[in-house]
Amino acid sequence: IIIAAKIYDGSPAQKAGMQVGDIIYSVDDKVASEITYDELVAAVRGKEGSEVVVKVKRNDEIIEMSMTREAVEVEVVTYEMLENNIGYIVLDQFTESSINQFKNALDDLSSQGMKKVIVDVRDNPGGTLDSVKSILDYFLPPDKLLLYSKTKEGDVEKYFSDDEALIPDMPMCVLVNENSASASEVFSGTLKFYDRATIVGTTTFGKGIMQSIFSLGDGTALKLTIGKYYLPDDSNIHEIGITPDIDVEMPETVTNIWAIEHKDDPQICKAIEFLNEK
């Protein structure tokens, strides 16, 4: 089941009337339950200006909506200052634009007097290696091994921090859940290894492989696993995930963590409680 967890302002989905909690039923003639997540994403994407028909299930009703594809500059970083000068930053994905958006969030919160910070990567599916490396640089000193990759042929490439950290020692929590995957697991796992952050939430998804998509020239493509990546402790978390330092389950009644207030979110509350004791 693919559920709309967030609807970005100005996006084709918002313009078409999609709502948080809508279940994706089909995209054009492709039924969501009969294809993979990647195939669904590929069906949604297309040439800018072209049309795509998406059907969603809302309550017991199937709703059809037509969307015009367009390039959208998505705001993948949102933030606010909580009580007791705790900065709270939500990072939806690790993208090229997230690097500067995240830095702007840190700078703004610091100017407001931030003393502690929570970074929320729950439901973050991952992203690019460059972006997770750059954002880790904000918290770790230079020359720290962040991760390394190993291909099937045995080729190894290591990635190190290379900038002075913006906030090298500020008390910090990272929120994760079962939908935190790939780059978000590198982020949380590396910070956990260096005791730079306390991880709060539930065990992450467990994706520790590198994949590439090869076009076949006829409109189709082939996705191949080309290697694995490893954390600084030489662990590969594929199908294992990152275990939080503080395990906090969400109530079964909560179907969308982004639709509840902070006071009703036990994972945020636990992170705040932990940082208030620092």
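1. Start with threonine 204. In this predicted model, threonine 204 sits in the loop that links strand S11 (198–201) to strand S12 (209–215). Threonine 204 is in a loop, yet its relative accessible area is 4%. The cut-off for buried is under 20%, so threonine 204 counts as buried.

2. What is threonine 204 in contact with, once neighbours within four places in sequence are left aside? The list is Val176, Asn177, Glu178, Ser180, Glu185, Ile240, Gly241 and Ile242. One of these, Glu185, is a buried residue of helix H5. Glutamate 273 is another matter: threonine 204 and glutamate 273 are 69 residues apart in sequence, and their C-alpha atoms are 22 Å apart in space.

3. Turn next to helix H5, residues 183–193. Nine of its eleven residues are buried, so the rest of the structure largely encloses this helix. The buried ones are Ala183, Ser184, Glu185, Val186, Phe187, Ser188, Gly189, Thr190 and Leu191. After H5 comes aspartate 195, with a positive phi near 55°.

4. Lysine 192 also belongs to H5. Is lysine 192 buried or exposed? Its relative accessibility is 27%, and it counts as partly exposed. Not counting residues up to four places away in sequence, lysine 192 touches Ala197, Ile199, Ile242, Thr243, Pro244 and Asp245. Take proline 244 from that list. Lysine 192 and proline 244 are 52 residues apart in sequence, but 8.7 Å apart in space, C-alpha to C-alpha. Ile242 is worth a second look: it touches lysine 192 and is in contact with threonine 204.

5. Now the nonpolar interior. The largest nonpolar core holds 38 residues. Those with the most contacts inside it are Phe102, Phe139, Met172, Val174, Phe187 and Leu191. Two or more residues come from each of these elements: strand S6 (86–91), helix H3 (96–111), strand S7 (116–120), helix H4 (129–137), strand S8 (145–151), strand S10 (172–176) and H5. Which element gives the largest share? It is H3, with five residues.

6. Phenylalanine 102 shows how these parts meet. Residues up to four places away in sequence are not counted here. Beyond them, phenylalanine 102 touches Val77, Ile89, Leu91, Val119, Ile135, Tyr138 and Phe139. Phe139 is itself one of the residues with the most contacts inside the core. Apart from this core lies another, of 14 residues, including Ala13, Met18, Ala32 and Met65.

7. Aspartate 120 is a charged residue to check. It lies in strand S7. Its relative accessible area is 0%, and it is buried. Leaving aside neighbours within four places in sequence, its contacts are Tyr88, Ile89, Val90, Leu91, Leu175 and Trp258. Ile89 and Leu91 are also touched by phenylalanine 102.

8. Other aspartates lie in loops. Aspartate 143 is in the loop between H4 and S8. At 65% relative accessible area it is exposed. Most residues other than glycine have a negative phi. For aspartate 143, however, phi is positive, near 70°. Aspartate 234 has a positive phi too, of about 75°. Its loop runs between strand S13 (221–230) and strand S14 (246–247).

9. Aspartate 28 is in the loop between strand S1 (23–27) and strand S2 (30–31). It is partly exposed, with a relative accessible area of 40%. Not counting residues up to four places away in sequence, aspartate 28 touches Val52, Val53 and Arg69. Aspartate 28 and glutamate 48 are 20 residues apart in sequence and 16 Å apart in space, C-alpha to C-alpha.

10. Last, the chain as a whole. It has six helices and 14 strands. Its radius of gyration is 20 Å, close to the 19 Å that the globule rule gives for 278 residues, so the chain is as compact as a globular protein of that length. Its C-alpha trace spans about 50 × 50 × 35 Å along the principal axes. Buried residues make up 42% of the 278. Of the contacts between residues at least 6 apart in sequence, 65% join residues at least 24 apart.

11. A word on surface and charge. The chain exposes about 14900 Å², and carbon and sulfur atoms supply 48% of that area. There are 26 positive and 49 negative charges. Their mean positions are 2 Å apart.

Methods: Residues are numbered from 1 along each chain as its sequence is written. This is a predicted model: local features need pLDDT of at least 70, side-chain atom pairs count only at pLDDT 80 or more; totals for chains, interfaces and linings use all residues. Side-chain values use heavy atoms; hydrogens and water are left out. Buried means under 20% relative accessible area, exposed over 50%, partly exposed in between (1.4 Å probe, protein chains only). Helices (H or I, at least four residues) and strands (E, at least two) are DSSP runs, numbered from the N terminus. A nonpolar core is a set of buried Ala, Val, Leu, Ile, Met, Phe, Trp, Tyr and Cys residues joined through side-chain atoms within 4.5 Å. Contact means heavy atoms within 4.5 Å. The radius of gyration is taken over C-alpha atoms; the globule rule is 2.2 Å times the number of residues to the power 0.38. Accessible areas come from the Shrake-Rupley method with a 1.4 Å probe; for residues, only the protein chains shown count as cover. Lys and Arg count as positive and Asp and Glu as negative; His and the chain ends are not counted. The place of a charge is taken as NZ of Lys, CZ of Arg, CG of Asp or CD of Glu.
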